[in-house]
Amino acid sequence: MTLNAKEMASYIDHTLLKADASTAAILTLCEEAAKHQFFSVCVNSQFVATAAKALEGTGVKVAAVVGFPLGASLSEVKAFEAAKAVDNGAAEIDTVLPIGLLLEGQLDAVRTDIKQVVDAVKGKAIVKVIMETGFLNDEQKIAACRLSEEAGAHFVKTSTGFGPGGATVEDVRLMRQNVSSTIGVKASGGVRDAATALAMIEAGATRLGTSSGVAIVNGTQGASTY
């Protein structure tokens, strides 16, 4: 499988979520995203308004993380953060599901948590659910996929990049097999080069979350999966 730089860029959520991120760094992120025409930038909610203003007229969307990176905020707080992010210009919300509740088997509570975020932005933004796959066995990953879809989410996503492990081809393939074709799969965490990006797409990823977007598109020419 091969993709040209423009095709690859259309998969990428260009990401900066570090605690020490500055306004200047966010503006640089936006400049890079506009130049390469990435699908979106993904930022903490504090920077949504800044990013939305910087990207106005470029066609690049803004995604905001919610309940990040632990997923342990109150559901009402996640819903409020999501709604405020949309008010400030976010078109997509990446919410972390309550990992501890999933590990305990409190499936109804997990579904309700996701649904509160979905309902808070319904008709205004799409919602991606971060599963943090490094904590989960395959049965729990499958449950997270099904709960996300039942709650009305639009994507399932592997990782925050702050937990154990990151995206793997095996997890992306498992997630793709356990959601409907209308649900997207986002590979995030450790996607740093064109070969890895292509492998994730080949496994079923429809979006890539990465802080290495520029390196990936610059390395796309000639890269291929095996």
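# Chatting through the model

Student: Leaving aside its neighbours within four places in sequence, which residues is phenylalanine 47 in contact with?

Tutor: Setting aside those sequence neighbours, Phe47 is in contact with Ala21, Ser22, Thr23 and Ile26. Keep in mind that this is a predicted model.

Student: Fair enough. Where does phenylalanine 47 sit?

Tutor: Phe47 is in the loop between β2 and α3, the latter spanning residues 48–54.

Student: And is it buried or exposed there?

Tutor: Phe47 counts as buried, because its relative accessibility is 8%, and the cut-off for buried is under 20%. Leucine 27 is 20 residues away from Phe47 in sequence and 9.6 Å away in space, C-alpha to C-alpha.

Student: What about valine 43, which element is that in?

Tutor: Val43 lies in strand β2. Val43 is buried too, at 0% relative accessibility.

Student: What does valine 43 touch, beyond four places in sequence?

Tutor: Among the contacts of Val43 are Leu16, Leu17, Ile26 and Leu29, along with Val62, Ala63, Ala64 and Val65, not counting neighbours within four places. Val43 and Leu208 are 165 residues apart in sequence, with 14 Å between their C-alphas.

Student: New topic. Which residues does the UniProt "active site" annotation cover?

Tutor: The UniProt record, an unreviewed entry, puts that annotation on Asp94, Lys157 and Lys186. They are spread over 93 residues of sequence but cluster in space, with a largest C-alpha distance of 10.1 Å.

Student: Which of this set line the largest pocket?

Tutor: Lys157 and Lys186 are taken in by that pocket's lining.

Student: How much space lies in the largest pocket?

Tutor: About 480 Å³. There are 25 lining residues, and the closest to the pocket's centre are Thr15, Leu17, Gly161, Thr210 and Ser211.

Student: Which elements give two or more residues to the lining?

Tutor: Those are β1 (12–16), α2 (23–36), β7 and β8 (207–210).

Student: How do the lining residues divide into nonpolar, polar and charged?

Tutor: It's 6 nonpolar, 14 polar and 5 charged.

Student: Back to aspartate 94. Which strand is it in?

Tutor: Asp94 lies in β4, residues 92–96. Asp94 counts as buried because its relative accessibility is 0%.

Student: So what does aspartate 94 touch?

Tutor: Not counting residues up to four places away, the list includes Cys42, Lys128 and Ile130, and also Lys157 and Lys186. The run Ala63, Ala64, Val65 and Val66 touches Asp94 as well.

Student: And lysine 186, where does that lie?

Tutor: Lys186 lies in strand β7, which covers residues 184–188. Lys186 is buried, with a relative accessible area of 0%. Beyond its sequence neighbours, its contacts include Asp13, Cys42, Asp94, Lys128, Lys157 and Arg207.

Student: Let's do the largest nonpolar core. Which residues touch the most other members?

Tutor: Of its 69 residues, Met8, Val41, Ile93, Leu97 and Leu208 do. Ile93, for one, is in contact with Ala82, Ala85, Val86, Val117 and Val121, among others further than four places away in sequence.

Student: Any odd backbone spots? Which residues does a cis peptide bond join?

Tutor: Phe68 and Pro69, with omega at about -5°. Pro69 is in the loop between β3 (61–66) and α4 (75–87).

Student: Why does a cis bond stand out?

Tutor: Because most peptide bonds are trans. In the same way, most residues other than glycine have a negative phi.

Student: What is phi for glutamine 37, then?

Tutor: Near 55°, so a positive value in a residue that isn't glycine. Gln37 is in the loop between α2 and β2 (40–44), and it is partly exposed at 41% relative accessibility.

Student: What about glutamate 132, what is its phi?

Tutor: Glu132 has a positive phi of about 55° and is not a glycine. Glu132 is in the loop between β5 (126–130) and α7 (138–150), and this residue is buried, with a relative accessible area of 2%.

Student: Last one: where is lysine 141, and what does it contact?

Tutor: Lys141 is in helix α7. Lys141 is buried, with a relative accessible area of 8%. Leaving aside neighbours within four places, Lys141 contacts Met131, Thr133, Leu136, Asp171 and Leu174.

How values were computed
Residues are numbered from 1 along each chain as its sequence is written. This is a predicted model: local features need pLDDT of at least 70, side-chain atom pairs count only at pLDDT 80 or more; totals for chains, interfaces and linings use all residues. Side-chain values use heavy atoms; hydrogens and water are left out. UniProt positions are given in the numbering used here, feature names are shortened, and annotations may be inferred rather than shown by experiment. On a 1 Å grid over the protein atoms alone, a cavity is a set of points where a 1.4 Å probe fits but cannot get out, and a pocket is an open set with protein on both sides within 12 Å along at least five of seven lines; lining residues have an atom within 4 Å of a point. Helices (H or I, at least four residues) and strands (E, at least two) are DSSP runs, numbered from the N terminus. Buried means under 20% relative accessible area, exposed over 50%, partly exposed in between (1.4 Å probe, protein chains only). Contact means heavy atoms within 4.5 Å. A nonpolar core is a set of buried Ala, Val, Leu, Ile, Met, Phe, Trp, Tyr and Cys residues joined through side-chain atoms within 4.5 Å. Grid points are joined across faces, edges and corners, and a volume is the space filled by probe spheres set on the points. Ala, Val, Leu, Ile, Met, Phe, Trp, Tyr, Cys and Pro count as nonpolar, Asp, Glu, Lys and Arg as charged, and the others, Gly among them, as polar.
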